[in-house]
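Trainee: I am new to this structure and would like to go through it slowly with you. Could we look at it together, one question at a time?

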Amino acid sequence: MHSKYGLLVLNSKNVQKLKQLLTSAATSLSSRLYIRLNPDQPRTDELVSKIYLNSANSCPKLDVRLLVSDIPGKIENYTAIGEEKPEKIEKIEKKYKKVVLGGTFDRLHNGHKVLLNKAAELASDDIVIGVTDKEMILKKSLFEMIEPVEFRIKKVVEFVEDISDGAKCLAEPITDPFGPSTRIKDLEAIVVSRETIKGADAVNKKRNEQGMTQLDIIIVELIEGSDEILNETKISSSSKRREDLGVLLRPVRRVPRETDRPYIIGLAGGIASGKSHSGKYLKEKHGFDVIDCDKLAHTCYEKGSSLNRKIGEHFGSDILIDGIVDRKKLGSIVFSDKSKLRELSELVWPEVKSKAAEIVEKSTAKVVGKIKKKNVTVSDHFIISNVKFITVIEAAALIEAGWHKSLAETWTVFVPAEEAVRRVVERDNLTKEQAIDRMSSQITNKERIDSSNLVLCSLWKYEETRAQVDRAVNDLMKRI
Ligand SMILES: CC(C)(COP(=O)(O)OP(=O)(O)OC[C@H]1O[C@@H](n2cnc3c(N)ncnc32)[C@H](O)[C@@H]1O)[C@@H](O)C(=O)NCCC(=O)NCCS
Ligand SMILES: Nc1ncnc2c1ncn2[C@@H]1O[C@H](COP(=O)(O)OP(=O)(O)OP(=O)(O)O)[C@@H](O)[C@H]1O
């Protein structure tokens, strides 16, 4: 049985076996490993870096926390990792009262922890932290997946106060590179890594201009990591976000479903995001039923359909040629006016939705028929010859239309807006301005992602998109 928490006490002897001890922690713990140094083991910067680097490799799933203080009293049940027992330690002499640092701290990782550990080691009273938000995060890769700022602040404060011995952690959102560092006069030092020294210099320059004291600049080394796709050589939040593609990010909804109904997944995505590619792959490789709502919408415009009539009534009869909607003319009206697009959507979505429901009904009836013929029982998740019956509703505007609210789960495919514009220009022969117009008539990637359970990104090679889909399907099969 795994215990949640563990404690590893390091001294000058067992520190040689650090990797082995961390590997053993990985097999016996499920959540968090506290590490505490005994008095005969000095706390050097090299050791702190080594602990976090080795943890990232040997026990990547554990939240490793090197303590500056003694073991947090609030946690009672630890599993001891290794043989060493904690010996009494003297309180560390703190060099400063107030220390500042900044960062985005998305998916708090071991590189961040080195920086936070340093601040906790140096400050006796306040550890002031600026956590980037809004325009500060927009240029980061996969920024749409960055955790909400309130969540990042909560995580950072919880971590710092857990490892420190009494210092307060005061964190706030920042929308420029200075934040509280140029507002609070009696700060004494700033902690940065090798890559953010320039930021600390800029802080000191501004403090100087404002007649404030200069901050000591404390530098920590970067913790290495490797990500060939993003070309990263350090542990980074961008890589963590990339690793989260194809992984369930939010719990799925419990939708009441009869045993002979398929499990339905919504597949959303903006223009040229790679939806159809992923839909096709889900169908061909994984055998899912995929309903392409874009194609369905086209069939709603067939001669004699009720949609032609409704659009004619709403937008005026000169939008019709021989009773059929002139889609080019309609496009020129709705793509330059968001409220007109919304009005059109209100007419089209119910039609598409009922056609999609009809298809689900028909294919369900077909599968049930097959099952009955073979005299096989219908199992909980509608498994036919070991294939789970899953239907994907692929629709660009799935979330705008609110359909995701009635589905068990929604997946979103996205590419950064600039790449989508580039693809539309290339594929649809539109000008850049027209492509931007089409894009801005839809909700943003961020809005879509915030309403989804799982995210796919088609920015890199096709194999990479497919690997994300495979990961998503593997987990789905275990989950349902
Ligand atoms: C503008 C800032 C705050 C933006 O932070 P950034 O987006 O880079 O944050 P991120 O979450 O990626 O990293 C936070 C900090 O951890 C460091 N870090 C990130 N990865 C690693 C790693 N693998 N190893 C060691 N340190 C790491 C970063 O260098 C940074 O110092 C920052 O880069 C900066 O310039 N800092 C110096 C000035 C400052 O602190 N300003 C705000 C004061 S309130
Ligand atoms: N790695 C990739 N994965 C998926 N599509 C990619 C990738 N790289 C480039 N593309 C291209 O992106 C374009 C859009 O893909 P696709 O047609 O699947 O998107 P879509 O979201 O269905 O678009 P729309 O809704 O606008 O029809 C295609 O031209 C496709 O070739």
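Trainee: Which residues come nearest to ligand 2?
Mentor: In this predicted model, the surroundings of ligand 2 comprise 16 residues. Of these, the ones that come nearest are G274, K275, S276, H277 and S458.

Trainee: Which helix gives the largest share of the shell around ligand 2?
Mentor: At least two residues of that shell are supplied by each of helix 7 (275-284), helix 12 (417-428) and helix 15 (462-479). By character, the shell around ligand 2 holds five nonpolar, seven polar and four charged residues. The largest share, three residues, belongs to helix 7.

Trainee: How many charged residues are in the shell around ligand 1?
Mentor: Around ligand 1 there are 33 residues, and G102, G103, G111, G130 and G199 come nearest. Among the elements that each supply at least two residues of this shell are strand 5 (96-103) and helix 3 (110-122). The shell around ligand 1 divides into 17 nonpolar residues, 14 polar ones and, as for charged residues, two.

Trainee: Why are helix 3 and helix 4 described as oblique to each other?
Mentor: The axes of helix 3 and helix 4 (residues 149-163) come within 10 Å of each other, and helix 3 passes helix 4 in a right-handed crossing. An angle counts as oblique when it is neither roughly parallel (under 35 degrees), roughly perpendicular (65 to 115) nor roughly antiparallel (over 145). The two helices are therefore oblique to each other, as their axes cross at roughly 45°.

Technical notes:
Residues are numbered from 1 along each chain as its sequence is written. Chains are lettered from A and ligands numbered from 1 in the order in which they are written. This is a predicted model: local features need pLDDT of at least 70, side-chain atom pairs count only at pLDDT 80 or more; totals for chains, interfaces and linings use all residues. A residue is near a molecule or strand if its C-beta atom, placed from the backbone, lies within 6 Å of it. Helices (H or I, at least four residues) and strands (E, at least two) are DSSP runs, numbered from the N terminus. Ala, Val, Leu, Ile, Met, Phe, Trp, Tyr, Cys and Pro count as nonpolar, Asp, Glu, Lys and Arg as charged, and the others, Gly among them, as polar. Axes are lines fitted to C-alpha atoms, for helices over the stretch in contact, and angles run from 0 to 180 degrees between N-to-C directions. A crossing is left-handed if the near helix is turned anticlockwise from the far one by less than a right angle, and right-handed if clockwise.
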